[in-house]
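Q: Please take one part of this structure and look at it closely with me. I would like a slow explanation that I can follow with the model open beside me.

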Amino acid sequence: MIIARSAAHGVLAVVLAAGVASGQDMPGMDHSGHMQPGTAAAAKTPSTEALEKANARMHQGMAIPFTGDTDIDFARSMIPHHQGAIDMARIELESGKDPELRKLAEEIVKAQENEIAFLKAWLAKKRK
């Protein structure tokens, strides 16, 4: 009986540990202390709200009806993905302070704008 009870407790401990490790919520349990450093809920600053909106727009734009043609689906999906990167980079340029990230944001805007232009031209050519 003691062995069975110990085994049951061992199984329960493994199940509970797996739930915590996988980040699953368990009723009545506060797991906020298990977050990685730097992942605590951010204050709702204007830049945080802008990033959240840009992220939502990007994901909404990527929710396209797929055609079954990999090339077309890829091109159509990547346009809003790249636009999301541009939008987020511009937010960094408006509010960010780190010079390395600001330089990267400038590069992202240039590169992604060129890639969007290429993808749009490719799609226009493909439709003819």
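A: Let us begin with a term: a helix here is a DSSP run of H or I that is at least four residues long, and helices are numbered from the N terminus. Please keep in mind throughout that this is a predicted model.

With that term in hand, the overall picture is that the protein chain has four helices and zero strands, and that the pattern read along the sequence is α-α-α-α. Of the 128 residues in the protein chain, 20% are buried, and about 9,600 Å² is exposed, with carbon and sulfur atoms supplying 62% of that area. Among the contacts with a separation of 6 or more, 45% are between residues that stand 24 or more positions apart.

The part I suggest for a close look is helix 3, together with what it meets. Two packed helices are described by the angle between their axes and the distance between the axes. For helix 2 (residues 46–62) and helix 3 (residues 70–95), the axes come within 8 Å and cross at roughly 170 degrees. Since an angle over 145 degrees counts as roughly antiparallel, helix 2 and helix 3 are therefore described as roughly antiparallel to each other.

Which residues of helix 2 and helix 3 meet? On the side of helix 2 they are Ser-47, Ala-50, Leu-51, Ala-54, Arg-57, Met-58, Gly-61 and Met-62, and on the side of helix 3 they are Ser-77, Pro-80, His-81, Gly-84, Asp-87, Met-88, Ile-91 and Ser-95. Sorted by class, this contact of helix 2 with helix 3 consists of eight nonpolar, six polar and two charged residues.

It helps to follow a few of these residues one at a time. Pro-80, found in helix 3, has a relative accessible area of 15% and is buried, because the cut-off for buried is under 20%. When residues up to four places away in sequence are not counted, Pro-80 touches Met-58, Gly-61 and Met-62. If you trace from Pro-80 to Ile-64, you pass 16 residues along the sequence, while the C-alpha atoms lie 10.0 Å apart in space.

Asp-87 also lies in helix 3, and at 17% relative accessibility Asp-87 counts as buried. Leaving out residues up to four places away in sequence, Asp-87 touches Ala-54 and Arg-57, and Ala-54 and Arg-57 are among the helix 2 residues that meet helix 3.

A helix 2 residue with a different label is Ala-56, which is partly exposed, with a relative accessible area of 48%. Ala-56 and Gly-84 are 28 residues apart in sequence, and their C-alpha atoms are 8.8 Å apart in space. Just before helix 2, Lys-44 sits in the loop between helix 1 (2–21) and helix 2. Lys-44 counts as exposed at 52% relative accessibility, because exposed is set at over 50%, and Lys-44 touches Glu-49 and Glu-52 when residues up to four places away in sequence are not counted.

Now turn from helix 2 to helix 4. The largest nonpolar core has ten residues, namely Ala-75, Met-78, Ile-79, Ile-86, Ala-89, Ala-105, Val-109, Ile-116, Leu-119 and Leu-123. The elements that give two or more residues to this core are helix 3 and helix 4 (99–127).

Which residues does Ala-89, a member of that core, touch? Not counting residues up to four places away in sequence, Ala-89 touches Ala-105, Ile-108 and Val-109.

Another core member, Leu-119, is found in helix 4 and counts as buried at 8% relative accessibility. Leu-119 touches Ala-75, Met-78, Ile-79 and His-82, again without residues up to four places away in sequence. The C-alpha atoms of Leu-119 and Ala-75 are separated by 5.7 Å, although these positions lie 44 residues apart along the chain.

Gln-112 has its place in helix 4 as well, and at 13% relative accessibility Gln-112 counts as buried. Leaving aside neighbours within four places in sequence, Gln-112 is in contact with His-82, Ala-85 and Ile-86, and of these, Ile-86 belongs to the largest nonpolar core.

To gather the picture, helix 3 is roughly antiparallel to helix 2, and helix 3 and helix 4 are the elements giving two or more residues to the largest nonpolar core.

Key
Residues numbered from 1 in each chain as written. Predicted model: local features only at pLDDT ≥ 70, side-chain atom pairs only at ≥ 80, totals over all residues. Heavy atoms only, no water. Axes fitted to C-alpha atoms, helices over the stretch in contact; angles between N-to-C directions. Parallel < 35°, antiparallel > 145°, perpendicular 65-115°, else oblique. Contact = heavy atoms within 4.5 Å. Nonpolar A, V, L, I, M, F, W, Y, C, P; charged D, E, K, R; others polar. Core = buried A, V, L, I, M, F, W, Y, C linked by side-chain atoms within 4.5 Å. Buried < 20%, exposed > 50% of the residue type's maximum accessible area, 1.4 Å probe, protein only. Areas by Shrake-Rupley, 256 points an atom, 1.4 Å probe, with all protein chains shown as cover.
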